[in-house]
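This report describes the overall build of a protein, then one of its helices, and then a few individual residues. The sequence and structure follow.

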Amino acid sequence: MEELYSETQQAEPDPLPAPKIIGLTGGIGSGKTTVARFIEEFGFPVYYSDDRAKDIVNENEDLKAKIKELLSDEAYDENGLYDRKFVAEKVFNDKDLLDRLNEIIHPAVRVDFEDWVSAQKKYLVFKETALLFELKLNLQCYKSVLVTAEDNIRMKRVMDRDGKTYREVQAIMEKQMPEKDKIKLADCIIYNNTNLEDLKEHTEKIIFDIE
């Protein structure tokens, strides 16, 4: 028997296509976070991987146990919160230990990001992360956007912002992937060598040129 449909019945709407994931990265002092804020102003959602990781290491009990097993109970302070200073000092000159820590944290961040993407409605979503190329996360993105600036400009910004010495900033920069290597890997590059007005204009052009 044929099914009868009333005039008031409507077909189910087609599901929205999955958004395109754009990776956003940049070294210390590049202005990556400022660019991310501009992108939000333009109406696109941004997932802040590094900020979410800070929350997840405090929220996920299984993660906390694994981190304590790797780094000792001192990885968390007397209030049970992740001790970033202690952890940073432990892993700064120990690449193997840093890699093992990342192997614990990043899968949890990946799951959190996937849940976040599934709730988005825009055709483009942005994943802000400092380690886009180092962890080959760009291979999971539709496009990658690099925010960069001349080394001396980046260094001065960090010294002014964080009160660090030249040598302290230099040591951090030397631990990061060289800018020339990131430039080779990036699909789009935002140069941040001048002022905020230029940076916003350049960001807008890059973002709206992505198809």
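## Burial and overall build

A residue is called buried here when its relative accessible area is under 20%, exposed when that area is over 50%, and partly exposed in between. With a relative accessible area of 4%, E128 therefore falls in the buried class. The model is predicted, and within the protein as a whole buried residues make up 39% of the 211 residues.

The protein holds nine helices and five strands, which follow one another from the N terminus in the order β-α-β-α-α-α-α-β-β-α-α-α-β-α. Taken along the principal axes, the C-alpha atoms fill a box of roughly 80 × 45 × 30 Å. Of the contacts with a separation of 6 or more, 69% are accounted for by residues that lie 24 or more positions apart.

## Helix α5

Helix α5 covers residues 95-118, a run of 24 residues, and from its first C-alpha to its last it reaches 34 Å, which is close to the 34 Å expected at 1.5 Å a residue. The helix nevertheless carries a kink of about 30° at E103, a position shortly before the proline P107.

The buried residues of α5 are L97, L101, N102, I104, I105, A108, V109, F113 and V117. What covers these residues includes both strands and helices, namely β1 (20-26), β2 (46-48) and β3 (124-128) together with α2 (49-59), α3 (61-71) and α4 (84-91).

## The packing of α3 against α5

The axes of α3 and α5 come within 11 Å of each other and cross at roughly 180°, so that α3 is roughly antiparallel to α5. On the α3 side the contact is made by L63, K66, I67, L70 and L71, and on the α5 side by L97, R100, L101, I104, I105 and A108. Sorted by character, the residues of this contact comprise nine nonpolar and two charged, with no polar residue among them.

## L97 and E128

L97 is found in helix α5, and because its relative accessibility is 10%, it counts as buried. When neighbours within four places in sequence are left aside, L97 is in contact with L70, L71, K90 and V91. From L97 to D112 the separation is 15 residues in sequence and 23 Å in space, taken C-alpha to C-alpha.

E128, the buried residue with which this account began, is found in strand β3. Leaving aside neighbours within four places in sequence, the contacts of E128 are with L24, K32, T33, V46, Y47, Y48, S49 and D50.

## Positive phi angles in two loops

S72 has a positive phi of about 95° although it is not a glycine, and its place is the loop between α3 and α4. Because the relative accessibility of S72 is 28%, this residue counts as partly exposed.

K136 is likewise a residue other than glycine with a positive phi, in this case near 60°, and it is placed in the loop between β3 and β4 (143-148). At a relative accessibility of 54%, K136 counts as exposed.

How values were computed: Residues are numbered from 1 along each chain as its sequence is written. This is a predicted model: local features need pLDDT of at least 70, side-chain atom pairs count only at pLDDT 80 or more; totals for chains, interfaces and linings use all residues. Side-chain values use heavy atoms; hydrogens and water are left out. Helices (H or I, at least four residues) and strands (E, at least two) are DSSP runs, numbered from the N terminus. The expected span of a helix is 1.5 Å times one less than its number of residues. The bend at a residue is the angle between axes fitted to the seven residues ending there and the seven starting there. Buried means under 20% relative accessible area, exposed over 50%, partly exposed in between (1.4 Å probe, protein chains only). Contact means heavy atoms within 4.5 Å. Axes are lines fitted to C-alpha atoms, for helices over the stretch in contact, and angles run from 0 to 180 degrees between N-to-C directions. Angles under 35 degrees count as roughly parallel, over 145 as roughly antiparallel, 65 to 115 as roughly perpendicular and the rest as oblique. Ala, Val, Leu, Ile, Met, Phe, Trp, Tyr, Cys and Pro count as nonpolar, Asp, Glu, Lys and Arg as charged, and the others, Gly among them, as polar.
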